[in-house]
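Trainee: Take me through the labels on this model, and let me ask what each one rests on.

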Amino acid sequence: ESFFDVLRATLLAGQSWTGDLQTRRRDGSVFWERALIAPIRDASGLITNHVAIKEDISALRDVMTRLQESESRFRSAMGVMLEGLVIISPQGEYLFVNRSAQEWIGADLIGRKITDTGTEVLREDGSPCPPDEYPSNRTLREGREICDAIVGFRSPDGSVRWVEINTAPLHVGDDLHCGVVLTF
C-alpha cells in the first residue's frame, strides 16, 4: 500500500514517476516491468490524463539474478582457496583479492596499483625486480600467460618470502586490453 500511496502522491503532484513493478498479466502470471508514468496536461495546464510507457524487464531481472548468484558462488569458492588469487584490471589496479592473498600480503589492495604495495619485489637470483618485469605487468603489457615465475617479496623488516606466481590474461568483453588473473 505504501508504494502505491507514493506513486499516487507523485502523480497527483503533477510529477512523472519511473520505477520497476512486479505485475500480473491477464492470465495471472507474474512479470516485471519498468514503467514511466507522466501527466498529460490541457492548454490551461490542468492534468487531464496520464500516459504510461512500459517495458517487460523479466528476462533482464532473471539475468541479473543469475549473475548475482554466479558472483556469490565465485566469491565463496575463491574465499576458501588456500592459494592466493588476485584479479587486476587492464589499468593495473587490484579488483579482487581472495582471503589467502589478503592475509599473505597483509594490506588492503582493492583499488590500488600493482606498484603501490610498499613491498620490494626480488628476482629469483635475489636482485631487485623493476616493476616492468613483474609477472603481472608483463602479462598486462604482452597479453600472455606467465607460468612458474619465482618472485621474492622483501618486507620492511628485511625478511624475504618466496612465491611461485602464475598469471593469465583476463579478457572482458570486446576490450582489446586485458586484465590479469594471478595465483601464487
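**Labels and their grounds**

Mentor: Start with E142, which counts as partly exposed at 37% relative accessibility. This is a predicted model, and every value we discuss is computed from it.

Trainee: What makes E142 partly exposed rather than buried or exposed?

Mentor: Buried requires under 20% and exposed over 50%. E142 has 37%, so it falls in between and is called partly exposed.

Trainee: How do you know that E142 forms a salt bridge with R141?

Mentor: The closest N and O atoms of the pair are 3.6 Å apart. The limit is 4 Å, so the pair of E142 and R141 qualifies. Elsewhere, D20, R34 and R61 are joined into one network by salt bridges that share partners.

Trainee: How many salt bridges does a search of the whole structure find?

Mentor: The search finds ten. One of the pairs is R25 with D56, whose closest N and O atoms are 3.0 Å apart. R25 sits in the loop between β1 (17–24) and β2, while D56 belongs to strand β3, so the pair ties together parts 31 residues apart in sequence.

Trainee: Why are R25 and D56 both called partly exposed?

Mentor: R25 has a relative accessible area of 35%, and D56 has 43%. Neither value is under 20% or over 50%, so both residues are partly exposed.

Trainee: What makes R123 and E133 a salt bridge?

Mentor: Their closest N and O atoms are 3.0 Å apart, and the cut-off is within 4 Å. R123 and E133 are ten residues apart, each in the loop between β6 (120–122) and α4 (135–142). R123 is partly exposed at 30%, and E133 is partly exposed at 33%.

Trainee: How do you know that C147 and C178 are not in a disulfide?

Mentor: A disulfide needs two cysteine sulfur atoms within 2.5 Å. The sulfur of C147 is 14 Å from its closest cysteine sulfur, in C178, which is too far for a bond. Seen from the other side, the nearest cysteine sulfur to C178 is that of C147, 14 Å away, and C178 is in no disulfide. The count by this rule is zero disulfides.

Trainee: Which of the labels buried and partly exposed goes with C147, and which with C178?

Mentor: C147 has a relative accessible area of 44%, between the two limits, so it is partly exposed. C178 has 5%, which is under 20%, so it is buried.

Trainee: What makes T139 buried?

Mentor: T139, in helix α4, has 0% relative accessibility, which is under the 20% limit, so it counts as buried. Leaving aside residues up to four places away in sequence, T139 touches R144, I146, T167, A168, P169, C178 and V180. The other buried residues of α4 include P135, S136, N137 and L140. The cover over the buried residues of α4 includes β4, β7, β8 (160–170) and β9 (179–183). Just after α4, G143 takes a positive phi of about 65°.

Trainee: Why is the phi of D148 worth a remark?

Mentor: Most residues other than glycine have a negative phi. D148 is not a glycine, yet its phi is positive, about 60°. D148 lies in strand β7 (residues 146–154), and at 49% it counts as partly exposed, since exposed would need over 50%.

Trainee: How do you know that the span of helix α2 is close to what is expected?

Mentor: Helix α2 (residues 58–79) has 22 residues, and at 1.5 Å a residue the expected span is 32 Å. From first C-alpha to last, α2 reaches 31 Å. Its buried residues are S58, M78 and G79, and they pack against β2, β3, β4 (85–88), β5 (94–97) and α3 (99–105).

Trainee: What makes the nonpolar surface patch?

Mentor: L36, I40, V51 and I53 make it, with an area of about 310 Å². Two elements, β2 (30–41) and β3 (47–56), give two or more residues to the patch.

Trainee: Why can V51 belong to a patch if it is partly exposed?

Mentor: Patch residues need over 30% relative accessible area. V51, in strand β3, has 38%, so it passes that limit while still counting as partly exposed.

Technical notes. Residues are numbered from 1 along each chain as its sequence is written. This is a predicted model: local features need pLDDT of at least 70, side-chain atom pairs count only at pLDDT 80 or more; totals for chains, interfaces and linings use all residues. Side-chain values use heavy atoms; hydrogens and water are left out. Patches are made of residues with over 30% relative accessible area and no salt bridge: like charges are joined within 9 Å, nonpolar side chains (Val, Leu, Ile, Met, Phe, Trp, Tyr) within 5 Å. Accessible areas come from the Shrake-Rupley method with a 1.4 Å probe; for residues, only the protein chains shown count as cover. A salt bridge is a side-chain nitrogen of Lys or Arg within 4 Å of a carboxyl oxygen of Asp or Glu. Helices (H or I, at least four residues) and strands (E, at least two) are DSSP runs, numbered from the N terminus. Buried means under 20% relative accessible area, exposed over 50%, partly exposed in between (1.4 Å probe, protein chains only). The expected span of a helix is 1.5 Å times one less than its number of residues. Contact means heavy atoms within 4.5 Å.
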